[in-house]
Structures are given as structure tokens and as C-alpha cells.
Amino acid sequence: MDLYKAIFESNRPFLIAGPCSAESEEQMFQVAHDLKSSTNTSILRAGIWKPRTRPLSFEGFGDTALDWLVKAGKATGLPTTVEVANKLHVEMALKAGVDILWIGARTTVNPFTVQEIADTIKGSDIPVLVKNPVNPDLELWIGAIERLQKAGLKQVAAVHRGFSYYNHIKYRNVPQWEIPIALRDRMPQIPIICDPSHITGARGLIQSVSQKAMDLNFDGLMIEVHPNPEHALSDANQQITPVELAQLIENLVIRSHEVSPTIEDNLKEMRDKIAILDDRIFELLSARMKMSSEVGAFKREHHVTIFQQEHWKQMLLKRLDMLDELDLSDSFVRRLMDEIHQESIRHQTKVMNPKND
Ligand code: PEP
Ligand code: MN
């Protein structure tokens, strides 16, 4: 199928939906039918070989289930996609007539496996979706896309599913939006689909992450949908019903990324004001660091160390006390103060020990 054409000609968001795992022929037929009749889903997804973090979790029904996916797709006219993680998976998926392959996050991290997959697909014109690696490494993500492109594949798209983090308070996989944004800068021709299901791990957060993806001009969404999410054999907490998906899409506000000349003028005026403020911020930072150098010279003269723990603690606390007044977040103020502190230490070091800069 022509994936790029389908993405670029679709009404945003281009939608890939279906269960985390294909669990039975009935489940696949029901979900495909419901998606077709009540949503604008373009591609039917389902996992067949499931890469589970821990053993003894449900690992998919394997090639038997491949047949359920393909049949459900044919019955509803929905093209299908499945995750492949090795040569055998690719061969079976191609033979079964799956329309699009996807490479999972745990596979993208391994260049040997990605190369094995690319070598097996070579010669076919099947589109491939490449999920980001589990770790926040843009180069690995780009490397996997390049391996497929070098194998002659013309239709490669990226899927942003967030990055592993130990015990994150909110997300199952932290979005780190700056990484897919950097991918867009480096590979502007590659469509990017957001997978809010695996980012959030919780159905209640999927709406807001989907909205953010739309506001950042992502091309589409891949969302896990199950006829009976609470009883799903994998990822039960993050799957939603087809009716919930329809509602979610209905609730999305799709803003245009094309800017009219009037809007451009108004935006320019506001951006000019911001640029003036940014100029001031940088002038002040530069003046502040000059002052740090003076402090460094003074400390050198009086033989005192650069880092004064108690003073630093007081400086930080003073700013944290002003969060409400300044309308700034705790994490922003901590990070900003930390950066200012590091830069200040660098300036003082330069004065104290010119050779250690
Ligand atoms: C999936 O989409 O079901 C899946 C296993 O995804 P990921 O590779 O992003 O964990
Ligand atoms: Mn899943």
C-alpha cells in the first residue's frame, strides 16, 4: 500500500488502531468491524509476537493469530500492520499478506536485529514503521530508519512511543517531545505518528497526549483499542474501546500548521516582543557571570573555595519561595538555577585556576 499518500491525504489525525495483542478471531473481527463503522481508522494494528519485559506474561498467539489479523483486515477493507522482531517474523508477515510492518521499541535499540530485518525485507516495497528505541537515543532511531532506507525501502515512518524511565510519577514511557521534534529537523521527509497508549500506560491520559501530538504537528496517532479493555491479555490499563476512541478523536482540536499572512503578522509582533525580552535575559545573564568572575577573584585572593554549600542552598530556596508569584514551575526553577550555578562555577574556576577551565 502507499502509506505516505494515505497519511498525507488523510484528515488529521491519520489513525492506526487495534488491540495490543490479537487474542482470538472473534476479538479481531469485532474490533475491526467497530473501528471501521464508528471511527476514521485507516490501519488495523495487532501484536502477534509480543515482546514482554518479564517472562510468564502473555507473549502473543504467534502465527495462528497472524491469520486472524489479516482476515479481519480483509473483511473490513482495513490495511493491517504487525510488529516484527526477526527474520522469521518478517517472512511470515509478508507471506500472510500484512500490509505494513512495524519495528518495536525493544528491537530498534539493536542494530544487528534491525539490519537482519532490513536485509529480509529488501526487494519488497512494504512500508515500515519504526518505533523509537526504549532509551532516549535519537541516533539509534535515525540509524534504524537509515538501515531500512539503505535496503531500498521508500516508505518508512517513525512512531514516537516515549522512553523508559525508572518509576516516573506520570508516564509509563516519558514522551521527551524534544526527541521526535529533533527527528523532524533531521529527517523532515519522515512522517511521525504518536503512540499515546505506550507513552501513558493509562487510558485516562491518552486524550491529553494525543492533543499535544496534534499541536506539535505529528502526522497521526497509533492507539490501542480493545472491545473489552479491562480483560485484555496485555496492556489492559491503556486500551480503550472503539466508542471511546471515536469520542477521543471527536474531542481533539486540530489546529492548522499553515499560517495566514495576517496571523503571521500578529505572530511576528508578539515574537518581536519576546525577542526583546530574551535579549534582556541574556544581557543580564552575561552581567551576572561577570559578577561571578569578580567573586572568583575575591575568593582567590582570600583563599576560600568556590562552592559554598549553605549559600547555594539559600539562593535556591529563595527562588523556590517565589514560585507562585513568578508563575514558574518547581522543576523549571530548579533546572534554571542549577544551570546558572554551573555556569557561575565555570566563570569562577576560570579566574581561580585558569588552566582547569
Ligand atoms: C506495541 O505496540 O504493542 C508494543 C509492544 O510497542 P512498543 O514496542 O512501543 O513497546
Ligand atoms: Mn501494547
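**From a buried strand outward**

In this predicted model, strand E5 (residues 128-131) directs Val128 and Val130 to one side and Leu129 and Lys131 to the other, and all of these residues are buried. On either side of this description stand the pairings of E5 with other strands. Strand E4 (residues 100-103) is joined to E5 by three bridges, and the two run parallel; within that pairing, Leu101 has Val128 as its bridge partner in E5. Strand E6 (residues 156-160) is likewise parallel to E5, and four bridges join E5 to E6, with Ala157 of E6 serving as the bridge partner of Leu129. Between E5 and E6 the chain passes through helix H7 (residues 138-150), and the β-α-β crossover made in this way is right-handed.

Following the chain beyond E6 brings the reader to two residues with notable backbone angles. Asn167, in the loop between E6 and helix H8 (178-186), has a positive phi of about 55° although it is not a glycine. Gln176, also placed in the loop between E6 and H8, has a positive phi of about 40° and is not a glycine either. As background, most residues other than glycine have a negative phi, and most peptide bonds are trans. As to accessibility, Asn167 counts as exposed because its relative accessibility is 61%, whereas Gln176, at 25%, counts as partly exposed. A further backbone feature is found at Pro13, in the loop between helix H1 (3-9) and strand E1 (14-18), where the peptide bond joining Arg12 and Pro13 is cis, with omega about -5°.

The charged side chains can be taken next. Side chains of opposite charge can pair when their charged atoms come close, and the structure holds 14 salt bridges. One of them pairs Lys71 with Glu25, whose closest N and O atoms are 3.8 Å apart; this pair links distant parts of the chain, since Lys71 belongs to helix H3 (residues 63-76) and Glu25 to helix H2 (residues 25-38), 46 residues apart. Lys71 is partly exposed, with a relative accessible area of 39%, and Glu25 is partly exposed too, with 29%.

Another salt bridge joins Arg45 to Glu224, with the closest N and O atoms 3.2 Å apart. Here again distant parts of the chain are linked, Arg45 lying in strand E2 (residues 43-45) and Glu224 in strand E8 (residues 220-224), 179 residues apart. Both Arg45 and Glu224 are buried.

A local pairing is provided by Glu91 and Lys87, whose closest N and O atoms are 3.1 Å apart in their salt bridge. Because these two residues are four residues apart in helix H4 (residues 87-96), about one helical turn separates Glu91 from Lys87. Glu91 is partly exposed, with a relative accessible area of 36%, and Lys87, at 43% relative accessibility, also counts as partly exposed. Elsewhere, salt bridges that share partners join Glu25, Asp67 and Lys71 into one network.

At the level of the whole chain, the division is into domain 1 (3-251) and domain 2 (261-356), and the centres of the two domains, taken over C-alpha atoms, are separated by 42 Å. Turning to the surface, Leu326, Leu328, Phe332 and Leu336 form a nonpolar patch that together has about 310 Å² of accessible area. Within this patch, Leu328 has its place in the loop between helix H14 (323-326) and helix H15 (330-352), and Leu328 is partly exposed, with a relative accessible area of 35%.

Key. Residues numbered from 1 in each chain as written. Chains lettered and ligands numbered in written order. Predicted model: local features only at pLDDT ≥ 70, side-chain atom pairs only at ≥ 80, totals over all residues. Heavy atoms only, no water. Buried < 20%, exposed > 50% of the residue type's maximum accessible area, 1.4 Å probe, protein only. Pairing = 2+ DSSP bridges. Right-handed = clockwise from strand over helix to strand, strands pointing away. Patch = residues over 30% accessible without salt bridge, like charges linked within 9 Å, V, L, I, M, F, W, Y side chains within 5 Å. Areas by Shrake-Rupley, 256 points an atom, 1.4 Å probe, with all protein chains shown as cover. Salt bridge = Lys/Arg side-chain N within 4 Å of Asp/Glu carboxyl O. Domains from an automatic or database assignment.
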